[in-house]
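Visitor: Could you take one residue of this model as a starting point and lead me from there through the part of the fold around it, with the cut-offs behind each term that you use?

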Amino acid sequence: MYSFQVITDSSYENATETGWFPIRTVASLTGVKPVTLRAWERRYQLLAPRRTEKGHRLYSRHDIDRITRLQTLLEQGIPVSQAAKILTEETDVPGVARLDTWTRARMRCRRAIGVFDEAALETVIEEALALYPVQAVTRELLIPLLGELGHSWQETGSGVAEEHFFSVFLRSRLGARFHHRVRRDKGPIIIAACIPGEQHEIGLLFFALAAALEFRLVLLGANLPLEEFVLPTRRVSANGIVLSGSAEPAPGVLERELPALVENVDIPVFVGGAVSVQYRDAITHAAAIPLGEDIDRGLRLLIERLAVEE
């Protein structure tokens, strides 16, 4: 059974920066109402929130993983009491069980990629999606796989065909999932695209699938000049612009085009991906907002800045 841990309220506002999430943020990220979260905690002892001195709950990433795992079991028709028992029988050590599961899945994927076996690769990923929500599969399986393939190519100079094979596979699957998503008819509108110079849309699609739970999205793809954002932004009454980049930006983008875009639109401009870490100072100097590489953390910042209803 879990016990409460107490932290000071002076750190409450910055808790999300250290990996702890207020109940409203958890409710927004998972779609589970606060009253239900409190009931699951009280009746089944499934969650281990810390408590501030004033009694505010703060949840860990492990808690969020358990919530999404429970949702998956409920969607499969398993009663909540039985689902709670299944989760209780799993390890209570954060990360231990998931590490073994995801490591095995990544190894199976690497074997399939190594022989260019699309059917075997799809089997592994579909099995993971049957057990875990897409956010967990993205964070624990797909993004690390891309990183491993890229690292292998940089270290050995080989594996370019494997990386291309997996990239094409992901682009088609992620694009299909985004196309068939449940579309929101309310909420803030985001215009999203790759930063000029970025040829790969996979990072953008990862972001789009996660953001579609909170926002209405208009995707503009790769290599769109930044001055071309002004017209669609006005026509759809967008609330924000998100640029995604993992590669070196095209010359002049951060120095001239990005400041000009910020000046020509009256909505915030965000930049995510590796570019937002490597060129954080330049992005901030342009009056844009860096989101970092962590999609979950970037979404929390978007939710806060664009005032998404929780």
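Guide: Leaving out residues up to four places away in sequence, Thr-233 touches Ile-191, Ala-238, Ile-241, Val-265 and Ile-267, where contact means heavy atoms within 4.5 Å. This is a predicted model, in which local features need pLDDT of at least 70 and side-chain atom pairs count only at pLDDT 80 or more, whereas totals for chains, interfaces and linings use all residues. Residues are numbered from 1 along each chain as its sequence is written, and side-chain values use heavy atoms, with hydrogens and water left out.

Thr-233 itself sits in helix H10, which covers residues 230–235; helices (H or I, at least four residues) and strands (E, at least two) are DSSP runs, numbered from the N terminus. Its relative accessibility is 5%, so Thr-233 counts as buried, the limits being under 20% relative accessible area for buried, over 50% for exposed and partly exposed in between, with a 1.4 Å probe and protein chains only. A polar atom of the Thr-233 side chain lies 2.6 Å from the backbone oxygen of Phe-229. A polar contact is a pair of N or O atoms within 3.5 Å; within protein, one must be able to donate a hydrogen and the other to accept it, and residues adjacent in sequence count only if both atoms are side-chain atoms.

Two of the residues that Thr-233 touches, Ile-191 and Ile-241, lead into the strands. Ile-191 of E5 has Ile-241 of E7 as its bridge partner. E5 spans residues 189–194, and 6 of its 6 residues are buried: Ile-189, Ile-191 and Ala-193 cover one face, while Ile-190, Ala-192 and Cys-194 cover the other. E5 and E7 (residues 240–244) run parallel and are joined by 5 bridges; two strands pair if DSSP finds at least two bridges between them. E5 is also joined, by 4 bridges and again in parallel, to strand E6 (residues 216–219), where Leu-219 is the bridge partner of Ala-192. Between E5 and E6 the chain passes through H9, and this β-α-β crossover is right-handed, a term that applies if, with the strands pointing away from the viewer, the path from the first strand over the helix to the second runs clockwise.

From E7 the pairing continues to E8, with 4 bridges joining the two parallel strands, and Ser-244 stands opposite Gly-272 there. E7, H11 and E8 form another β-α-β unit, which is right-handed. E8 (residues 269–272) is covered on both faces, with Val-269 and Val-271 buried on one side and Phe-270 and Gly-272 on the other. E8 in turn runs parallel to strand E9 (residues 289–292), to which 3 bridges join it, with Val-271 standing opposite Pro-290.

The loop between E7 and helix H11 (253–264) holds Pro-249, which is buried at a relative accessible area of 10%. Apart from neighbours within four places in sequence, Pro-249 is in contact with Pro-196, Leu-254, Val-275 and Tyr-279. The C-alpha atoms of Pro-249 and Gly-197 are 4.9 Å apart, although 52 residues separate the two in sequence.

The nonpolar cores give a wider view of this packing. A nonpolar core is a set of buried Ala, Val, Leu, Ile, Met, Phe, Trp, Tyr and Cys residues joined through side-chain atoms within 4.5 Å. The largest has 65 residues, of which Leu-37, Leu-121, Leu-141, Phe-166, Phe-215 and Leu-302 touch the most other members, and helix H9 (residues 202–211) gives the most to this core, with 9 residues. Apart from it lies another core, of 24 residues, which includes Ile-241 together with Val-230, Val-265 and Ile-283. Ile-241 and Val-265 are among the residues touched by Thr-233, which brings the path back to its starting point.
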